[in-house]
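User: Please take a close look at one helix that sits where two chains meet. I would like to know which way its residues face, what they pack against, and what else can be said of the chains around it.

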Amino acid sequence: MSPVFYLVAALTLGGALTAVVLKNTVHCALALTAAFAGLALLFLGLDAQFAGFAQILVYIGAVAILVVFAILLTRGSETPQGSVYSRYSISGLVAAAAVFAVLGWAVLQSAHMLPNEQAVPMADVHDIGVALMGRYVLPLEILAVLLTAATIGAVIVALHEKEDAK
Amino acid sequence: MFDTLARNFDQIFILLRDWLVSFLPAGMRPVAGIVLSVATIVALFPGLFALTTIFERKGLGRIQNRIGPNRVGPFGLLQPVADGIKSLTKEDIVPVSANAAIHFLAPLVLVVAVFMGFAVLPMGRNMVLVDMDCALLFYFAMGASTELAVFMAGWSSRNKYSLLGAMRAVAQMISYEVVLLLSSVAVVMITGSLSLTKIVAAQDQYTGIFPHWYIFTPWGLAGFVMYAIAATAETNRSPFDLPEGESELVAGYHTEYSGFKFALFFLGEYLAMFSISGLGSTLFLGGWSAPFSFLQWVPSWIWFFSKLMLSIFVFIWMRGTLPRLRQDQLMNFAWKFVLPFTIFNLMVTALWRFMGEGWLRWVVCSALLAAAYGIMARVSMRREHFEPRSYRYAE
Amino acid sequence: MTPLTAHLLVAALLFAIGLAGALTRRNAILVLIGIELMLNAANLNFIAFWRYSPHPEALTGMMFAIFSIAVAAAEAAVGLGLVIAIHRQLHTTDLDHMNRMKG
Amino acid sequence: MNEQLASFPQTMTCCASFATRILWLVPAVPIVAAGIISVLKQPKRKTSAALAIGSLAIALAIALLAFGHVVSGWLSGATVRETVNFTWLQFGTTQVELGWVLDPLAAVMLVMVSFVGLLIFIYSTGYMAHDENYTRFFCFLSLFAGAMLGVVIANSLLLLFMCWELVGLTSYLLIGFWYRKPSAAAAAKKAFLTTRVGDVFFLLGIVWLFAQTGTLLFYNNGAGSMEHGALAVLLAQPAALGLTAAGAIGLLIFAGAAGKSGQFPLHVWLPDAMEGPTPVSALIHAATMVAAGVYLIARVYPLMQAGSLAGGTTTALTVVTWVGAFTAVFAALIAVAQNDIKRILAYSTVSQLGYMMAGLGMGGVAVGMFHLITHAFFKALLFMGAGSVIHGCHEEQDIRKMGGLKADMPLTFLTYSIGMLALCGFPLFFSGFWSKDGILEAAQHWSVARAPFYMLAFGALLTAFYMTRQVAYVFFGHWRGSKPAHESPVAMTLPLAILAFFAMFLGVLGTPAWPWFRAFLDGHAAPFELHGFAEPGLLLLMLTSSAIVLLGLGLGWTIYGGKSPKVTEPDAIEKAAPWLWAILRDRFYVDEFYAATVIAFYYWWARVADFFDRRVWGGAVLAVTSIFSLWARFSRFLDNDWVNGGFDKTCEELATGGGLLARVQSGRVQGYLRILALAVVALAAILVWSSRP
């Protein structure tokens, strides 16, 4: 494994970790974007250019901003007093650890049957476009509907009701 | 003889690079080549920036019936140098309550992200840093990450004006980024590729003496107009410069910045302007291709940069001419007029794509677009009501 | 350790971190952040499997990743919208106080 | 029906020509129009009328196209018979097929129906102008038109039966169109039920046919039920009373036809059907629907004819002939003594239908069908003329309250008298003459008996007589009504003129000199030679029939001409022979007879059933209920004291258990998430463990 991979992985995991542990919510969001950037780099390292840039565009360009907006709209930007961890955080940690243990175990168990180095696959945007418009057109359409519904739903949910305004 | 001369002149930078690189051992040539080109870009555009500032100030002066800077150097041409020295030597103030790390990172992220955008712009025949397969996507990814920098700047400096400015900027950029993307998607639909070089190549053909620029098609024209609007908003230029509206919130998200960091923001803004104009001319104005077939002997990079400067001039012109919008007007304009029209334009583009050659598609598409524009303009006009307003102060 | 294994391990760790975040933080927004991380871990797996699969030209993993990116965007939008709405009702984003629907 | 056609394109036989392939549009278009009109709002009169008329015009256009196709085929010396069949249902190995056919018969009928229908639609726009249910009317009309055209093009007895019933329904709806009038409602019911009687037999015939031959298609290049294979099977199959299955089925089908076209035992509904609006009477109860029975017989003629010796006849045809001839005279007699202008026409329709039946029975398809076509035109003309008269006399229908209208409504008078002369069969210039003449000729040559010939001749005499009487009453003499009459709008008179034209000159197609029609139907060339008249006895026959007609006219004129009796004053015949008049006026007491027998029987039967209900079954039910109530008391006791106790206890236990379980429902998102995570761990662990190498 190349040192680049380790660097990027470290960046990703570090970003994720900080995003989870920091006290200040905005810092968490920014760390999250770091994690996203790292992921995008990982994707690029896996020769998935399209996915990588889509990752940047969607997550850093949209989701992160969205999170930040939400934070500011919910007055969460200033550092809270008292514990930021919920009452049952210990058991949560345990559960997470268990999950990681099992996943890691599974990966190592199956390590020998995983395929080794493969030739770099040719996946240029054209192929992806053809696949999207061809084999995967139905999922694409459904996804479009889903996104529309989600957008409208989000707007309606976050909308100020005039009744309780009065 | 003349042709070869022209061709060499056209490729002069490439040749120059290869010549310079050729002194190095073969192993490090590619790397060195890239480094060289990066260095060129990094050196070139700030220079252009400096040129543009004086250009803008003088132009605005003319428009506002002033002379503009004329003290430093001949005709004040050295003004930018003086400015640079000033901003470098000024003290770098960081507010006490500011969030130092983020406050420091913001301008860097901004400038870096903006510089990344230039990596995929073909500035001439064969003159592109990385000929990526999904260059356009890359460009927009980079453009998207500038918003974050803006937010970091505004939030970290603990100042309500900055925060407001940042929020405005981010909201505006997100809203208009959608339009920017969709209007470019039209081009992608026609070219069938996200690669900018392919897009330019597709426009570098001629019928008679006239080029196949996309702006000369109905959907292309509409798309370009939409793109121009969105670009102006994306770069926070007047009339969309609310985020740094001096009259309302002192200077927006970089109120708390001074000295070099401020200069970086300034630089970033102009670089964004350059790159977005570059992209615009690449998408719609045929990039580095010549406007007439008999002018092809003129080097391609000259065309690219002249188009770039032309659009910069338009930017300045608009700044000198148009008043600033109100926030709600801005948003309504984005979501209720520009976006729907762009989407409609997408459909028209699809129609164009599938109607096949012939005069018919010209008529149909133009008619459709004209009708759509008329209707939507009328509708939005009905929503606005233009009677003389009386402003009340002090309440 | 083969690159695929390495990527899978990274993904697993990322997933665990996200889960831990989602399980331990009070702030609803941070729970959402954790969930986003988990989704991304899944994406990483998809891409990795696509890259090292015997038939990458089928693009299955890639497609899955792209779709899940889009879905994640929708999920984030709705989730944050909900958080904002709840904040307007309860004036808090603390999940420990959001337990009205207890049996 | 047509929706199904649309959904079965792949199973259509490809050999059909374009005209045939689009033939299904002919019924489809009006039916669709009806559907659209049915959802229109009440005030959309113009739209609905335009829709109906337009749709029928399209139908007419297609019909003409098909007709042209057939004619061209015929001119090139081939009998066109193209079918489009498709499987409708399939259960097991047997499959029910539907389809439509284009042959000379269908083509002629198509053109007639759609053309007359179109004229009547236009006429209705004027006649119904003041009715508030205008749109409903046109909805029903075009539904009827579609169904009728469906009957015409049907190539499957089943499809024909569907459309047949649809036609019956629309007829019911339209007779009862003014359902607020109790008489109209009653008439509608009567028509519906009476025709049902026939249809039951018809359905029996269909089922039997299907059982025997396994197909209901008429023509299916060799495999149809009207073609040799099936007919041979039917002939081989003996039925009761020395009939072959073919004959029996033929009779059953004829029963249906008789019901529809008011042959003797089942004719009672047709006169009452005149309660409907006049255009309806003209379209349904004179021109098209009642002719459907005749058309049906013509359609299944091969079946009727099956097993006949050379030139000879079959039982079925004999029955058809006798019934037809009897009905002709019978109805004509009644018509003499009616005073309602429309009833007279109705009875004359019945008798004319009798003529057609007799013609079919004796002379073959061409004779009967020719009279059908000509009759359709002049009877429609007469009805619409009557309608115009009624309209002009402010909804007055009693001819004794009219008179002297030839001055007030000249155009109506002119056309009406043309129609009347055509109906009487006035020599040479009127279509009726030629068609009726064909029938008489056939009757003359009939091998079985001479009686029908005399009956029909007598019928002709009567026809001339009562028509003269009617015209004398209505148009001559002086006005006896209250308000003065007025001429009708052009929308009504124009169709009259057109129809009058056809009523006069349609006969040209059927003169012995140039028997185009017969040739066309039978599919051989039609030369023009004058010595067609020179057949033995033909001229003599023509002379006799003309003499009869003139005699009838003269008789009528001498009795009723010129003078205009009071409303109260008894009729001329009544003065002469009251008893005869009474019998005729009361329609031979057929209705009364039915009332005394069938209906009385039903009443009695109903009473019996009622008695059984009340007493016998009622008692039984009472007993059962009492038993059950006793049982219920007992079980209530069980419930209260035994079951409930234990059950309540169980419920309490459940409730407490639920309370305990509800603790798990902490309402904390993260709690659920945690449990999910643990579950994932467990599952994944199991999975990996089980798939361990």
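Analyst: The answer begins with the helix, moves on to the two chains on either side of it, and ends with some other parts of the model.

This is a predicted model, in which local features need pLDDT of at least 70 and side-chain atom pairs count only at pLDDT 80 or more, while totals for chains, interfaces and linings use all residues. Residues are numbered from 1 along each chain as its sequence is written, with chains lettered from A and ligands numbered from 1 in the order in which they are written.

The helix is α6 of chain A, residues 137-158. Helices here are DSSP runs of H or I with at least four residues, strands are runs of E with at least two, and both are numbered from the N terminus. Helix α6(A) has 22 residues and spans 31 Å from its first C-alpha to its last, close to the expected 32 Å; the expected span is 1.5 Å times one less than the number of residues.

Which residues of α6(A) are buried? They are A:Ala150, A:Ala154 and A:Ala158. A residue is buried if 20 or more other C-beta atoms, placed from the backbone, lie within 10 Å of its own, exposed if 12 or fewer do, and partly exposed in between. The three buried residues cover an arc of only 30° around the axis, and so they are on the same side of α6(A). That arc is taken over the directions from the helix axis to the C-beta atoms. An α-helix has 3.6 residues a turn, so residues three or four places apart point the same way. The other side of α6(A) carries exposed residues, including A:Val137, A:Leu138, A:Glu141, A:Ile142, A:Ile152 and A:Ile156.

The buried residues of α6(A) pack against α3 (60-90) of chain C. Contact means that the C-beta atoms of two residues, placed from the backbone, lie within 7 Å. Taken over the two chains, 68 residues of chain A are in contact with 63 residues of chain C. Besides α6, the elements of chain A that give two or more residues to this side are α1 (3-21), α2 (25-45), α3 (49-73), α4 (89-109) and α5 (125-133). By class, the side of chain A that touches chain C has 52 nonpolar, 13 polar and three charged residues. Ala, Val, Leu, Ile, Met, Phe, Trp, Tyr, Cys and Pro count as nonpolar, Asp, Glu, Lys and Arg as charged, and the others, Gly among them, as polar.

Chain A has seven helices and zero strands. Of its 166 residues, 40% are buried. Among its contacts between residues at least 6 apart in sequence, 55% join residues at least 24 apart.

In chain C, the loop between α2 (28-52) and α3 holds C:Leu59. Its phi is near 65°, a positive value in a residue other than glycine. C:Leu59 has 22 other C-beta atoms within 10 Å and is therefore buried. C:Trp50 lies in helix α2 of chain C and is also buried, with 24 C-beta neighbours inside 10 Å. Leaving aside residues up to four places away in sequence, C:Trp50 touches C:Pro56, C:Thr60, C:Gly61 and C:Met62. Its C-alpha atom is 9.3 Å from that of C:Met63, 13 residues apart along the chain.

Chain C also meets chain D, in a contact that takes 10 residues from chain D and nine residues from chain C. Helix α28 (residues 669-690) gives the most to the chain D side, with five residues. That side of chain D divides into four nonpolar, four polar and two charged residues.

Chain D has 28 helices and two strands, and 51% of its 693 residues are buried. Within chain D, the axes of α12 (residues 278-287) and α13 (residues 289-299) come within 3 Å and cross at roughly 20°. Axes are lines fitted to C-alpha atoms, for helices over the stretch in contact, and angles run from 0 to 180 degrees between N-to-C directions. The two helices are therefore roughly parallel, a label for angles under 35 degrees. Their contact is made by D:Ile284, D:His285, D:Ala286 and D:Ala287 of α12(D) with D:Met289, D:Val290 and D:Ala291 of α13(D). Six of these residues are nonpolar, one is polar and none is charged.

Technical notes. Parallel < 35°, antiparallel > 145°, perpendicular 65-115°, else oblique.
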